[in-house]
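Thanks for coming, everyone. Let me put today's structure on the screen, and then I'll walk you through it.

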Amino acid sequence: MGAMASVECCITDEDRMRDYNLMIKKEQEKARDLEKHCDRIKKDNTKVQEKISKLQQDTKDLSNLKLQQKEEIRTKKVELDRLQKTKNGLESELKALRRDLKK
C-alpha cells in the first residue's frame, strides 16, 4: 500500500507540474498580449504627440501671421492717412488756384 501511495503522489506531483507549466504558459501569453497592447498604445500616443506638436506649430504660425497682418493693416492705415492728407492738401491748392483764376 505504501508503494501505491508514493505512485499516486508522484503522479499528483507530475500533474501539478504540468498544471503549473500550463499556467506559466498562459501567463506568458497574457504578458505577450499585454506587451503588444502596450506597444500599440505607445504608437498611438506617439501619433497623438506628433499631432499635438503639429497643432502647436500651426497655432504659433497662425499667431505670427495674425501679428504680421496687424502690422500690415497698421502700415496701410498710416499710408492711407498720409494719402488722405495729401489729397486734402491738393484739393485746397486746387480751390485756391480756381479762386485765383476767377479773379
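**A walk along the helix**

Start with E27: at 47% relative accessibility, this residue counts as partly exposed. E27 has a partner. Its side chain meets that of K30 in a salt bridge, with 3.5 Å from N to O. Where do E27 and K30 sit relative to each other? They are three residues apart in helix 1, so about one helical turn separates them.

Now step back. This is a predicted model. The mean pLDDT of the protein is 90. Of its residues, 89% reach 70 or more. One stretch needs care. Over residues 1-5, the pLDDT is below 50. Beyond near neighbours in sequence, that stretch has zero contacts in the model.

What does the secondary structure come to? One helix and zero strands. Helix 1 covers residues 2-102. The protein has 103 residues, and buried residues make up 0% of them. The accessible surface comes to about 10,200 Å². Carbon and sulfur atoms account for 58% of that surface.

Back to the charges. How many salt bridges does the structure hold? Five. You have met E27 and K30, one of these pairs. Let me show you two others.

Here is R18. It forms a salt bridge with D15. The closest N and O atoms are 3.0 Å apart. R18 and D15 are three residues apart in helix 1, so they are about one helical turn from each other. R18 is partly exposed, at 48% relative accessibility. D15 is partly exposed too, at 29%. Partly exposed runs from 20% to 50%, so the 29% of D15 falls inside that range.

Next, R74 and E71. Their side chains meet in a salt bridge, at 2.7 Å from N to O. In helix 1, R74 and E71 are three residues apart, which means a separation of about one helical turn. Are these two buried or exposed? Neither one: R74 is partly exposed at 46% relative accessibility, and E71 is partly exposed at 41%.

Now for something without charge pairs. Which residues form a nonpolar patch on the surface? They are M17, Y20, M23 and I24. Together they have about 430 Å² of accessible area. Look at Y20 in particular. Y20 is found in helix 1. Its relative accessible area is 46%, so Y20 is partly exposed. Why can Y20 count towards a patch? Because a patch residue needs over 30% relative accessible area, and Y20 has 46%.

To recap. The model has one helix and zero strands. It holds five salt bridges. A nonpolar patch of M17, Y20, M23 and I24 lies on the surface. And keep residues 1-5 in mind, where the pLDDT is below 50. That's my tour. Over to you.

How values were computed
Residues numbered from 1 in each chain as written. Predicted model: local features only at pLDDT ≥ 70, side-chain atom pairs only at ≥ 80, totals over all residues. Heavy atoms only, no water. Patch = residues over 30% accessible without salt bridge, like charges linked within 9 Å, V, L, I, M, F, W, Y side chains within 5 Å. Areas by Shrake-Rupley, 256 points an atom, 1.4 Å probe, with all protein chains shown as cover. Salt bridge = Lys/Arg side-chain N within 4 Å of Asp/Glu carboxyl O. Helix = DSSP H or I, 4+ residues; strand = E, 2+ residues; numbered from the N terminus. Buried < 20%, exposed > 50% of the residue type's maximum accessible area, 1.4 Å probe, protein only. pLDDT = per-residue confidence, 0-100. Contact = heavy atoms within 4.5 Å.
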